[in-house]
Amino acid sequence: PNNQLLNISIIAPSLLPVPAVKGGAIESLITGFIDKNEEQKGIRITVFSPYKKEAAKLASKYYYSRFIWIRYNWINKVINGLMRMYSFIVNSKAPHFGIIQILYYLKRIHFDIVIIEGAIDYLEPVSKIIGREKVYLHLHSATLFGNPNVFTYCNKVIAVSNYIKNLVLTKTSKREEDVLVIKNCIDISSFNRGNNIKYRTAIRQKYGISDNDVVICFTGRLVEGKGVRELIQSVMKLPEKLSFKLLIVGSAGSNFGLSNRRDDYYLEITTLAKQMENKVIFTGFIHNSKIPKILSASDIAVIPSIDIEAQGLTVLEGLAAGLPVVTTDSGGIPENVTDESAYVIKRDINLIDNLSLALESLIDSKDKREAMGMAGLKHVQQYSYDNYYIDFLNLLTSSSANRHGKD
């Protein structure tokens, strides 16, 4: 690659690999970004990623991105255990061994900018190695403000919604000009209903869904904050005459399909669903790459989050699939829909009743579903990887130029 190009590093989260062979929202975003960079050749990228054999095989296709693999094997676990014991004895916080591996390379390789994807515990050690001016935090969560002082260890915060930006400005000492908003995106073309409609019949047959059933689809982790229990309670209130199926797509707990552990919450919602006989279908974990096919077999996308969503990519996926969306006023979600494309339900004592009413109105009217789906499809075009890449590239190049100008 051209040596004059901006040289940046992206530190991926420590659970799933990049390229996103195991799924993951942040990992998929990074993969889409480096894919687009292969086309545009705008910058040089180094990705620090957990090692997976399948990811390493795919990584060989990239020319403008290279990968440094962080190995989380049993040796690392032993070292981490010893470090935690040492931390306890001396009453100090020791860094995770994954951070130590990353710091080793940051001492030896020059980067113009280092982007940390969400892991605020990386901020201080990385900043002390390369200087805070080069450190950017890409913030995907509304729950990382327990220690607001750590935000002083980065130059810029890149927020995924105005909601997150306002939280940063409220809870930390960051200035307005140091908190930037770039909304996350999706691969819109992969959700194209015209391309995926051929899968509709096969998927519905697989799950025992008749042609007359209106399919309400939830995709996401089956954790309490996603509102699955409230969703099931809302469909229990629907009139018996309605012909529908609720398709719940996702893995139990927060393990992203990496294990089959079923927690108390999963047992609670599956027990509740049994009262609906065959109306509720649990698919288990389905890889991100297959979600467009699932949505092609669906008629309504529902995202009933009761905890705070930083942005809500599943909302965008529903819009891109040409589906009407029923969601909540959680965090940044309302920023990403329009009144014409979605019902946004308040998270109050009437949540379950209002979810039920919104779903009933859509099940009852195919015309309304189609009109909202078309409006959503038009609206979601702004969330393309082309726009995302351009916005991110402009931010990085302008910030780097300003910093060097000050130097």
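The legends below accompany several close-up views of one predicted model.

This is a predicted model in which local features need pLDDT of at least 70 and side-chain atom pairs count only at pLDDT 80 or more, while totals for chains, interfaces and linings use all residues. Residues are numbered from 1 along each chain as its sequence is written, and side-chain values use heavy atoms, with hydrogens and water left out.

**View 1. An open sheet of seven strands with parallel pairing.** The strands of this sheet follow the order 3-2-1-4-5-6-7, where strands (E, at least two residues) and helices (H or I, at least four residues) are DSSP runs numbered from the N terminus, and two strands pair if DSSP finds at least two bridges between them. Strand 3 (65–70) and strand 7 (179–181) stand at the edges with a single partner strand each, so one side of each has no neighbour in the sheet. From one strand to the next the twist averages 20°, with axes taken as lines fitted to C-alpha atoms (for helices over the stretch in contact) and angles running from 0 to 180 degrees between N-to-C directions. Strand 2 (residues 43–50) runs parallel to strand 3 and is joined to it by six bridges, and Ile 45 stands opposite Ser 65 in strand 3.

**View 2. Helix 1 and the loops on either side of it.** In the loop between strand 1 (6–11) and helix 1 lies Pro 19, which is joined to Val 18 by a cis peptide bond with omega of about 0°. Within helix 1 (residues 25–40), Lys 36 and Glu 39 are separated by about one helical turn because they are three residues apart. Their side chains meet in a salt bridge at 3.3 Å, N to O, the term meaning a side-chain nitrogen of Lys or Arg within 4 Å of a carboxyl oxygen of Asp or Glu; a search of the whole structure finds 19 salt bridges. Lys 41, found in the loop between helix 1 and strand 2, has a phi near 55°, a positive value in a residue other than glycine.

**View 3. An open sheet of six strands with parallel pairing.** Here the order is 10-9-8-11-12-13, and the edge strands, strand 10 and strand 13 (342–345), each pair on one side only. Strand 8 (residues 214–219) and strand 11 (residues 300–303) run parallel and are joined by two bridges, with Cys 217 standing opposite Ala 301 in strand 11.

**View 4. A positive surface patch.** Lys 198, Lys 206, Lys 290 and Lys 293 form this patch, whose residues have over 30% relative accessible area and no salt bridge, like charges being joined within 9 Å. Accessible areas come from the Shrake-Rupley method with a 1.4 Å probe. Lys 290 is placed in the loop between strand 10 (280–284) and helix 11 (291–296).

Conventions:
Patches are made of residues with over 30% relative accessible area and no salt bridge: like charges are joined within 9 Å, nonpolar side chains (Val, Leu, Ile, Met, Phe, Trp, Tyr) within 5 Å. Lys and Arg count as positive and Asp and Glu as negative; His and the chain ends are not counted. The place of a charge is taken as NZ of Lys, CZ of Arg, CG of Asp or CD of Glu.
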